[in-house]
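This briefing introduces one protein structure to a reader who is new to the subject. Please keep the sequence and the structure in view while reading the points that follow.

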Amino acid sequence: MATEVSRRGRKEVSASTTENVSQVSNAYEADADIFSTESELTLYLDLPGVEKGAVEIELDETNTLQIKAKGSVEEPKGLQFREFQIGDFYRAFRLGEEYDRDKVSATLENGVLKVNVPKREEAKPKRIAISA
């Protein structure tokens, strides 16, 4: 008899500049780690079974970053235990105005999607020289 681990529920995004906004009903929510520095926001999403050509990333006029991925792995027969989902994935995040929407970049390697979202130059911290 196959044992399935239930899908993890919605996850809250702790970075103050992003929030999880929605998910597509027939897709799994991709697990994500989000890191923020003074110069950029970096998102890592687990997309098992997804190939490079099967990922679509959009940033709309409301600064909502949407990630859609189509899984290409077929579920093998005789499943005994499951810890990750096979299928399509979706995740969306709302970005703050301080991010440069024209310089977003992404790479997919070994089932992990990395999305870099740099801050606009005017939003980055600036050092102020102290004159004598």
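**Overview of the predicted model**

From the N terminus on, the elements of the protein follow the order β-β-β-β-β-β-β-β-β-β. The secondary structure thus amounts to 10 strands and 0 helices. The model is a predicted one, and its pLDDT averages 78 over the protein.

**Confidence**

- A pLDDT of at least 70 is reached by 80% of the residues.
- Over residues 1-23 the pLDDT stays under 50, and the model has 58 contacts for this stretch beyond four places in sequence.

**The protein as a whole**

- The protein has 132 residues, of which 31% count as buried.
- The accessible surface of the protein is about 8,900 Å², and carbon and sulfur atoms account for 47% of that surface.
- Among the contacts with a separation of 6 or more, 57% join residues that are 24 or more positions apart.

**The open sheet**

- Four strands form an open sheet in the order β2-β8-β6-β5, and the pairing within this sheet is mixed.
- Strands β2 (28-29) and β5 stand at the edges with a single partner strand each, so one side of each has no neighbour in the sheet.
- Strand β5 covers residues 50-59 and strand β6 covers residues 64-71; these two strands pair in the antiparallel sense over 6 bridges.
- Two bridge partners can be named for this pairing: Glu 56 is matched with Lys 68 in β6, and Val 55 is matched with Ala 69 in β6.
- Strand β6 also pairs with strand β8 (residues 89-94), in the antiparallel sense and over 6 bridges.
- In that second pairing, Ala 69 stands opposite Phe 89 of β8.

**The hairpin and Asn 63**

- The hairpin of β5 and β6 has 4 residues between its strands, and Asn 63 takes a positive phi near 65 degrees there.
- Asn 63 lies in the loop between β5 and β6.
- Is Asn 63 buried or exposed? Its relative accessible area is 6%, which is under the 20% limit, so Asn 63 counts as buried.
- The side chain of Asn 63 makes a polar contact of 2.6 Å with the side chain of Arg 101.
- Beyond its neighbours within four places in sequence, Asn 63 is in contact with Phe 93, Arg 94, Leu 95, Gly 96, Glu 97 and Arg 101.

**Aromatic pairs**

- The count of aromatic pairs comes to 2.
- One of these is formed by Tyr 28 and Phe 89, whose ring centres are 6.2 Å apart with 50 degrees between the planes, and this pair is tilted.
- Tyr 28 belongs to strand β2 and Phe 89 to strand β8, so the pair ties together parts that are 61 residues apart in sequence.
- Phe 89 counts as buried, with a relative accessibility of 6%, whereas Tyr 28 counts as partly exposed at 26%.
- In the pair of Phe 35 and Tyr 44, the ring centres are 5.8 Å apart and the planes stand at 80 degrees; this angle is over 60 degrees, so the pair is edge-to-face.
- Phe 35 is partly exposed, with a relative accessible area of 48%, and Tyr 44 is also partly exposed, with a value of 30%.

How values were computed
Residues numbered from 1 in each chain as written. Heavy atoms only, no water. pLDDT = per-residue confidence, 0-100. Contact = heavy atoms within 4.5 Å. Pairing = 2+ DSSP bridges. Phe/Tyr/Trp six-rings, centres within 6.5 Å; stacked < 30°, edge-to-face > 60°. Buried < 20%, exposed > 50% of the residue type's maximum accessible area, 1.4 Å probe, protein only. Polar contact = N/O pair within 3.5 Å; in protein donor to acceptor, adjacent residues only side chain to side chain. Areas by Shrake-Rupley, 256 points an atom, 1.4 Å probe, with all protein chains shown as cover.
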